[in-house]
Amino acid sequence: LKSYGLSNLIHHFDLPLVGDRHRAMADAFATAKLLSINLENFLGNDLAEKLINKQVKNSLLPLAISMDDLHALPEECGVYYFYDENKNVVYIGKSINIQKRVMQHFSKTTTKSQKLASFVHSIDYELTGSELVALLKESDEIKTMSPSVNRAQRVKQYPYIIHQYENMNGYMCWDVTRNSKKAQESLAIISEFPTLLSAKTAIKRAIENNNLCAKYCNLDKAITFCFNYHIKKCNGACGKIESPEDYNKKVETAKETITTFFCNDMLIVDKGRSSDENSAILVQNGKCVAYGWINNDLINNSIPEIINSLPQKTPYPDSTKIIKGFIARNPQLKVISLNESHFL
């Protein structure tokens, strides 16, 4: 460039301005952005981000936490805990790189980061090896400890359910109702949801994707044909044009996409915390009931022995959602079908 003045560099790189130019803060932000661009160009995004995170200014850190404390954290997968000065847990998180994630918390000036910085007095962690186990443990620990900063995963029970039944004409129908012990015992439940809106939204999506009848999903109170039939989005099951056999096949297909339960019992085997162990997650009766770590030599033993060695866990609805999503993202994951006793 002909000139390396800050104004010229801002113009050349088309940098966004923060505040009024020629004020100290605006110049500082522009200079920091230039440094970031150079680091990314020469080191790559990942290494640049790592370097920047390790240079977090002490002014952003909690008073009781030093940079040495952060550098002492492991760069491994697990769950981390933030405690206040009274030893109360205020935040729980998970990461495949604990050190990097914790540094990110204190390298930002967001409301959440500032809140954490004002609360945090000490940091602890537990390695899991497996990202799936870290996700499950984070969710379970939040429900057990109820940290003040965590909000999203505190719900222990989902108050709404979608259940399935057959009407007098042989058509499979869905409906949403409140979750209860009586409902659990008497209804064929296919899904659980945290809100009424989320349950109905799931049904609407299933109707659109599978040409289901809105009347038989209890979203349309029509006496004969539902509204979707008139706009050619229902094949007429509500008027007995589509046969129960054909319609019920579509319902079963849709059910597989909407259910929050597993159809088969399974044992999921993933990475352990060291080379001589694996993690294992047990799914029975549609839900996650246990997970933990097993020695490598136990893998070759009987399945019942593995199952009996795993610590029992509360089967929260969130756990099923976490496992389903993780399996979808990681199709190479080793899954043992307990119904068929072979590797899927």
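Helices and strands are named here from DSSP runs, a helix holding at least four residues and a strand at least two, and both are numbered from the N terminus. The model described is a predicted one.

With these names, the second largest pocket can be located. Two elements, β6 (188–193) and α13 (317–329), each contribute at least two residues to its lining. Of these, α13 provides the largest share of the lining, with 4 residues. The pocket has a volume of about 230 Å³. Its lining consists of Y158, E192, F193, P194, S198, T259, T260, P317, T320, K321 and K324. By character, the lining residues of this pocket comprise 4 nonpolar, 4 polar and 3 charged ones.

Strand β6 leads from the pocket to a sheet. This open sheet is formed by 3 strands in the order β5-β4-β6, and their pairing is antiparallel. Because β5 (172–178) and β6 stand at the edges with a single partner strand each, one side of each has no neighbour in the sheet. From one strand to the next, the twist averages 25°.

The pairing may be followed in detail between two of the strands. Strand β4 (residues 160–166) is joined to β5 in the antiparallel sense over 7 bridges. One residue to find in the structure is H163, whose bridge partner in β5 is D175.

Helices also pack on this sheet. Helix α9 (residues 196–210) touches β4, β5 and β6, and its direction makes about 165° with that of β5. Helix α11 (residues 244–258) likewise packs on the sheet and touches β4, β5 and β6. The direction of α11 makes about 40° with that of β5.

Note on methods:
Residues numbered from 1 in each chain as written. Predicted model: local features only at pLDDT ≥ 70, side-chain atom pairs only at ≥ 80, totals over all residues. Heavy atoms only, no water. 1 Å grid on protein atoms, 1.4 Å probe; cavity = no way out; pocket = protein on both sides within 12 Å on 5 of 7 lines; lining within 4 Å. Points joined across faces, edges and corners; volume = space filled by probe spheres on them. Nonpolar A, V, L, I, M, F, W, Y, C, P; charged D, E, K, R; others polar. Pairing = 2+ DSSP bridges. Axes fitted to C-alpha atoms, helices over the stretch in contact; angles between N-to-C directions. Contact = heavy atoms within 4.5 Å.
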